[in-house]
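Work through the exercises below with the coordinates open. Each one sets a task and then gives a solution in steps.

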Amino acid sequence: MRHRRHVVLIGALALGNLTGAHAQTFGGRSQAEPGQGSGSVAQAAEPFRITSTATAQELEALQKNARALQSEQKAAQGTAAPDQQKKQLDLLQKQIETQQKMIELLMEQMKKQPPPTTPLDKIQMQTATLAARSQRAAQRDQELGGQADDLREHMDAQERNGPWLPATLKELFDPMLNNETPLSIYGALAFGYSKIQGDSTTAANGAGRPSTPGGFYFGEFTPDFLLKLNDWIFLEAEIGIGSDGSVSAGSFAQADFFVNDWLTIIAGRFVAPIGWYNVRINNPWINKLPGDAPGSAPLLWLQVLPPMAMLGVQATGSFYLGCSPLKLEYAAYISNGLNLTPASPGLPTISELANLENMEDTFNIISNDKALGGRIGLWWPAAGLEAGLSGMYNGDYVAGGFEDSISLWALDLNYHQGDWDVRFEYGMTYQHAQTFVDNNIRRRGFYGQVAYRPLDACNRYLRNIEFVYRYGYVDFRGIDPTALDLTTFGTPVDVPVRRQQNEFGINYYFYPRMVLKAAYQVNDERGFHLHDNQFITELAWGW
């Protein structure tokens, strides 16, 4: 009976341990499906679950029970027993071993679980967590405040100094112009070779003309100085350096006063706003044909219209006509005018009166009379069209108190679009000379020029080539060419005689401001042949 009671007690303990182990294996849940008796099963398995409330003393009690069972088992084994009791002892041995393994498993799981905490520990842990969060929040607020200060300082620096830019680019945005020099220097260089072909001994209907040997010539070296004093005063000056090293005044030395967007007042020496050639293209690298060689300018600008500079005051500007695409430009001036001082006291000769180049020095003052004139032009920029009308009246032009005047007017038409460049100018000059010769002098002439450059060509060398043709015609009344002293003119082409000219040219552009030009002039003076066809080649460089 005693052995039977031991067996029953040990079996109950083993069954309880197996039930607890089974519940622990499934995470404290029975094998029942969710929602089916989960409350009762959980309550039944609760005594055998290792939770945060289990203690080491309970585990030790289980171990003591297991050792007591083992002691009773050994005592039972010491006594003789029938076969049935032996089988029960074997079963009890297995159950004890199983209980021992379960105890060890529960101890390992208990080690893995976090240590038990009391309500005070939880409060302390929550307090520490809140303190850490508060510290982190304060640190984050400090970092955000620092970033806001950095951003504010950055924006303030941009407002004060502008965005960061390279020095060469920043000068375009700096209102104080600290990084921009107010002085700019530009200029032009031209030299070339020219040769007038023809028999000089049989020229002028057999009377002959001075021989003009060909050779290299120095066209010009003209630095231009542009000085910006402030936003409304601009200074411009040009000096000319000759082939012998001499320095002379250039075409302009002026002060520009910008009154508003459509009015500029110019004081000093300025290029005369007569026609288009004198103002816009009388520059070696802009002119489509050689222009610095003697006798190479258009016929109209050799002895009909004066390509000169004036000393005085000018008002100029431009503005669009309402909302139209047309732009009106204007110029009005008063200055010292054309003047002539005879080489010998008394009356000037017909050669002096006929040579317009002798009258272009407006630095000389020979009378109180001034030159008045202006130009008005109409642009259509989108279409590349322009038309202009110029006029000038010049008071006494001969030194000695003579009451003789000069007046002129000119018309210019221009087109530039794409590959084509077309120019046309007409001019007429009326010169009082009856006081000195039997009649007055009238000069008139025109020229037309067309240039083509295939900018869209596939070959880059072909894109740099330009073809030019110019036709010119001049006519003079009141000048007898047979009475002229041809030695007083620079070249036969400068002689004021009825003439027509065909000029053919080809240019090669190394880059937009450097061009090599070659041209051939065919000159024909009806009734007074001067045998003055001319070949010219010129290198022009704008820098």
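**Exercise 1. State what percentage of the residues in the protein is buried, and describe its overall make-up.**

Solution. The model is a predicted one. Of the 543 residues in the protein, 37% are buried. The secondary structure consists of 10 helices and 16 strands. Next, take the contacts between residues at least 6 apart in sequence: 62% of them join residues at least 24 apart. Finally, the accessible surface amounts to about 30,400 Å², and carbon and sulfur atoms account for 59% of that area.

**Exercise 2. Find the largest nonpolar core and say which elements supply it.**

Solution. Step one is the size: the largest nonpolar core contains 49 residues. Met 310, Leu 353, Met 392, Tyr 397 and Leu 484 have the most contacts inside it. Step two is the origin of its residues. At least two come from each of the strands S5 (263-271), S10 (406-417), S12 (441-452) and S13 (465-477), and likewise from each of the helices H7 (277-281), H8 (300-303) and H9 (350-354).

Step three looks at one member, Leu 353. Leaving out residues up to four places away in sequence, Leu 353 touches Leu 340, Pro 348, Met 359, Tyr 397, Gln 431, Ala 433, Phe 436, Val 437, Ile 441 and Arg 443. Another core, of five residues, lies apart from the largest one; Trp 285, Tyr 509, Val 515 and Ala 540 are among its members.

**Exercise 3. Determine which residues surround Asn 502.**

Solution. Begin with its location: Asn 502 is part of strand S14 (residues 499-511). Its relative accessibility is 21%, so Asn 502 counts as partly exposed, the limit for buried being under 20%.

Then list the contacts. Beyond residues up to four places away in sequence, Asn 502 touches Tyr 469, Arg 470 and Tyr 471, as well as Tyr 520, Gln 521 and Val 522. Although Tyr 471 is 31 residues from Asn 502 along the chain, their C-alpha atoms are 4.8 Å apart. The side chain of Asn 502 also makes a polar contact of 2.5 Å with the side chain of Tyr 469.

**Exercise 4. For three salt bridges, decide whether each partner is buried or partly exposed.**

Solution. The count of salt bridges comes to 14.

- Glu 466 and Lys 288 pair at 3.0 Å, N to O. Glu 466 belongs to strand S13 and Lys 288 to the loop between H7 and H8, 178 residues apart, and the pair links these distant parts of the chain. Glu 466 has a relative accessible area of 4% and is therefore buried; Lys 288, at 14%, also counts as buried.
- Asp 421 and Arg 423 pair at 2.7 Å, N to O. Asp 421 is buried at 3%, and Arg 423 counts as buried at 10%.
- Arg 444 and Asp 475 pair at 3.6 Å, N to O. Because Arg 444 lies in strand S12 and Asp 475 in strand S13, this pair ties together parts that are 31 residues apart in sequence. Arg 444 is partly exposed, with a relative accessible area of 29%, whereas Asp 475 is buried at 10%.

A last step concerns shared partners: salt bridges join Arg 280, Glu 329, Arg 375, Glu 386 and Asp 412 into one network.

**Exercise 5. Which residues form the nonpolar patch on the surface?**

Solution. The patch consists of Leu 183, Ile 185, Phe 225, Ile 239 and Val 247, which together have about 390 Å² of accessible area. To place one of them, note that Ile 239 is in strand S3 (residues 233-241). With a relative accessibility of 30%, Ile 239 counts as partly exposed.

How values were computed:
Residues numbered from 1 in each chain as written. Predicted model: local features only at pLDDT ≥ 70, side-chain atom pairs only at ≥ 80, totals over all residues. Heavy atoms only, no water. Helix = DSSP H or I, 4+ residues; strand = E, 2+ residues; numbered from the N terminus. Buried < 20%, exposed > 50% of the residue type's maximum accessible area, 1.4 Å probe, protein only. Contact = heavy atoms within 4.5 Å. Areas by Shrake-Rupley, 256 points an atom, 1.4 Å probe, with all protein chains shown as cover. Core = buried A, V, L, I, M, F, W, Y, C linked by side-chain atoms within 4.5 Å. Patch = residues over 30% accessible without salt bridge, like charges linked within 9 Å, V, L, I, M, F, W, Y side chains within 5 Å. Salt bridge = Lys/Arg side-chain N within 4 Å of Asp/Glu carboxyl O. Polar contact = N/O pair within 3.5 Å; in protein donor to acceptor, adjacent residues only side chain to side chain.
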